[in-house]
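Here is a short report on one protein model. Keep the structure in view as you read.

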Amino acid sequence: MIDFHCHLDLYPDALKLLPIVSARNLFTLVVTTSPKAWLATSNVFAGYENIKVALGLHPEIAEQKAGERLLLLSCIPKAKYIGEIGIDGSPKYKETISLQESILNDTLTECERAGGKILSIHSRNASSRVLDLVEKNCRKSTVVLHWFSGSLTEAQRAQDLGCWFSVGPAMLRGANGRSIVASLPINKILPETDGPFTTNRSAPLMPWEAIDIVNTLVPIWGIPKEDVILQIRNNLAALISEENFQQNHSDTK
Ligand code: MN
């Protein structure tokens, strides 16, 4: 139905998947890991109006892609969606954390200068650092925190800052993920897979499987499945209100 954060360009047979994803999903946000990848993927994925490609520089490869930093900033005015960007404070990436922070800060600043963007942001082990930068920079942009895994206090702070949250089946497998989601307003949640880096048993989660979160949301929200689906569709419409996906796509997606 909706996948608000996937790496469709990185699936094997991505080009064969494109028309299938476009047909099965109402909307798919393809996040990229570098500005060069955004340029290439935007070209290849053109022609599917319900698949959007976001301009990114993944924090896990900040050092390797640091040479593309100016390209990233110069492409921002041309992109509506920005992602995947953010900060990863895990031990493996801690050495580059000031570089990651500096790239995120510049990106958020440039997004404001360009009138505001919709951003998909990674914040693993760095929730407070990310929220500090969001608080400092974001007025016109809309921040969607992808797979948020901070504390409940940080989740509350993110809500107070007006953040949205994209939530996937993998996040909801854990008790922490479920308790975060239970604490969030239902009108700020969108589905995601983060595929192909997440799996369902052994196969990568497919973009149309993000909707599996509905089954977990039914008992958490305490409303029927149809109402959960309707809520999520309304959430997407509210976020991207200037685009009329509903008019072009059947209600069954
Ligand atoms: Mn990702």
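Ser 166 is buried, at 1% relative accessible area. Buried means under 20% relative accessible area, exposed over 50%, and partly exposed in between (1.4 Å probe, protein chains only). This is a predicted model: local features need pLDDT of at least 70, side-chain atom pairs count only at pLDDT 80 or more, and totals for chains, interfaces and linings use all residues. Residues are numbered from 1 along each chain as its sequence is written, and side-chain values use heavy atoms, with hydrogens and water left out.

Ser 166 lies in strand β7, residues 164-167. Strands (E, at least two residues) and helices (H or I, at least four) are DSSP runs, numbered from the N terminus. Leaving aside neighbours within four places in sequence, the contacts of Ser 166 include Phe 4, His 5, Trp 147 and Glu 192. Contact means heavy atoms within 4.5 Å.

His 5 also serves the metal site: it is one of the protein donors of the manganese ion. Donors are N, O and S atoms within 2.8 Å of the metal (3.2 Å for Na, K and Ca); water is not among the atoms, so sites may look incomplete. The protein donors lie 2.2 to 2.3 Å from the ion.

| Donor residue | Donor atom |
|---|---|
| His 5 | NE2 |
| His 7 | NE2 |
| Glu 84 | OE |
| Asp 194 | OD |

Along the chain, the donors follow the spacing H-x1-H-x76-E-x109-D. His 7 sits in the loop between β1 (2-6) and α1 (14-24), and Asp 194 in the loop between β8 (189-191) and β9 (199-200), so the pair ties together parts 187 residues apart in sequence. His 7 and Asp 194 are buried.
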